[in-house]
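Reader: I'm new to this one and would like to know where the descriptions come from. Could you walk me through it?

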Amino acid sequence: MRYSWTIELQDLRLGYGDTVILENITATLPAGCISVILGASGGGKSTLLRHIIGLARPFSGKILLGGKDLFSLPGKEFRLLRRRMGVLFQDGALLGALTVGENVGLPLTEHTDLPPSLVREVVLHKLALVGLADFADHYPSELSGGMRKRAGLARALVTDPPILLCDEPTSGLDPVSAAQMDDLLLDMKCRFPGMTIVSVSHDMASVRNIADHVLVLHKKNIVYAGGLSGLEESADPYLRRFLDRKAPRYSFGDDPRLTLSEETQKIMHQALDSRLERG
Ligand SMILES: Nc1ncnc2c1ncn2[C@@H]1O[C@H](COP(=O)(O)OP(=O)(O)O)[C@@H](O)[C@H]1O
Ligand SMILES: [Mg+2]
């Protein structure tokens, strides 16, 4: 690996239109490690990733990649820098009309004039790394959810990027496929030393498997940044709920609609019963 790029987030404030989704975001995602961004659904994890990959501009603050300020670069350098990032999107984001192999090769065929035989060789190599070398000529619809995510990972890695970003690589997978995905990310960490791996998750089991460094988002802010052991020992009530998978007791107040009158219930059940009797 020729590059070793740390991601630095400096006092970021970002969101959509007039809505602030995250603020006061200052953190370092070190090279050579797996950093996991953890937080509740809708908390802004994907939004933060979109900004790191340069798809959206923060309201204020900076994103430095290997010391370079992403949003102050001239157009050509900005595009080059963006290509240093491999991204596994939440659903794998494979194109249904292309084969798995064509999907994985896309970042190469789009940007280079490499001969097809060489592209094929690289594609088969990357597919082999995720256990899918025999599926190059299948279509995404012929693959399971876990296989599609693995193919998405092969595509994210096809250009040997120094930075790999994964959005919920294990969500929606059964526990075995999820553990397989965790193993693959650990495998990539060993195979590509120096690569900066960032994974977004709300899956504590996966975090415990893979994380060297954890960033927890809550109420628009970072509520924890550090190692896994520090997180496990935390006494913060929000973090404890996340770690112990506990919800605060939900209160519906004293809404009168919480009770349904016996009369209404009786009429409803009689109507349903007579409907069933009529067949
Ligand atoms: N394109 C968008 N335009 C406006 N609001 C958005 C957009 N995408 C996401 N949001 C809002 O931003 C918030 C954070 O979303 P997201 O980053 O997807 O959360 P997470 O990935 O943590 O589940 C949510 O309230 C969501 O509704
Ligand atoms: Mg998301």
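**Two domains and what lies between**

Author: Sure. The protein splits into domain 1 (7-84 + 161-278) and domain 2 (95-160). Keep in mind that this is a predicted model.

Reader: How far apart are the C-alpha centres of domain 1 and domain 2?

Author: Those centres lie 26 Å apart. Ten residues of domain 1 are in contact with ten residues of domain 2, where contact means C-beta atoms within 7 Å.

Reader: Which helix gives the most to the side of domain 1 that touches domain 2?

Author: That's helix α6 (residues 175-191), with four residues. By class, the residues on that side of domain 1 are six nonpolar, three polar and one charged.

Reader: Why are α3 and α5 called roughly parallel?

Author: Let's set the angle against the cut-off. Helix α3 (residues 100-111) and helix α5 (residues 145-157) pack at about 30 degrees. Angles under 35 degrees count as roughly parallel, and α3 and α5 therefore get that label. Their axes are 7 Å apart, and α3 passes α5 in a right-handed crossing.

Reader: Which residues make that contact?

Author: From α3 there are Val100, Asn103, Val104, Leu106 and Pro107, and from α5 there are Ala151, Ala154 and Arg155.

Reader: How many residues of each class does the contact of α3 with α5 have?

Author: Six are nonpolar, one is polar and one is charged. Val, Leu, Pro and Ala count as nonpolar, and Arg as charged. Asn is in neither of those groups and counts as polar.

Reader: On to the sheet. What makes β6 and β10 its edges?

Author: The sheet is open, with six strands in the order β6-β7-β8-β3-β9-β10 and mixed pairing. β6 (85-88) and β10 (221-226) each have a single partner strand, so one side of each has no neighbour in the sheet. Neighbouring strands are turned by 15 degrees against each other on average, direction ignored.

Reader: How do you know that β6 and β7 count as paired?

Author: Two strands pair if there are at least two bridges between them. β6 and strand β7 (residues 163-167) have four bridges, in the parallel sense. In this pairing, Leu88 stands opposite Cys166 in β7.

Reader: And α5, which strands does that helix lie across?

Author: α5 lies across β6 and β7, and runs at about 170 degrees to β6. Angles over 145 degrees count as roughly antiparallel, so the direction of α5 against β6 falls in that class.

Terms used. Residues are numbered from 1 along each chain as its sequence is written. Chains are lettered from A and ligands numbered from 1 in the order in which they are written. This is a predicted model: local features need pLDDT of at least 70, side-chain atom pairs count only at pLDDT 80 or more; totals for chains, interfaces and linings use all residues. Axes are lines fitted to C-alpha atoms, for helices over the stretch in contact, and angles run from 0 to 180 degrees between N-to-C directions. Helices (H or I, at least four residues) and strands (E, at least two) are DSSP runs, numbered from the N terminus. Angles under 35 degrees count as roughly parallel, over 145 as roughly antiparallel, 65 to 115 as roughly perpendicular and the rest as oblique. A crossing is left-handed if the near helix is turned anticlockwise from the far one by less than a right angle, and right-handed if clockwise. Two residues are in contact if their C-beta atoms, placed from the backbone, lie within 7 Å. Domain bounds come from an automatic or database domain assignment.
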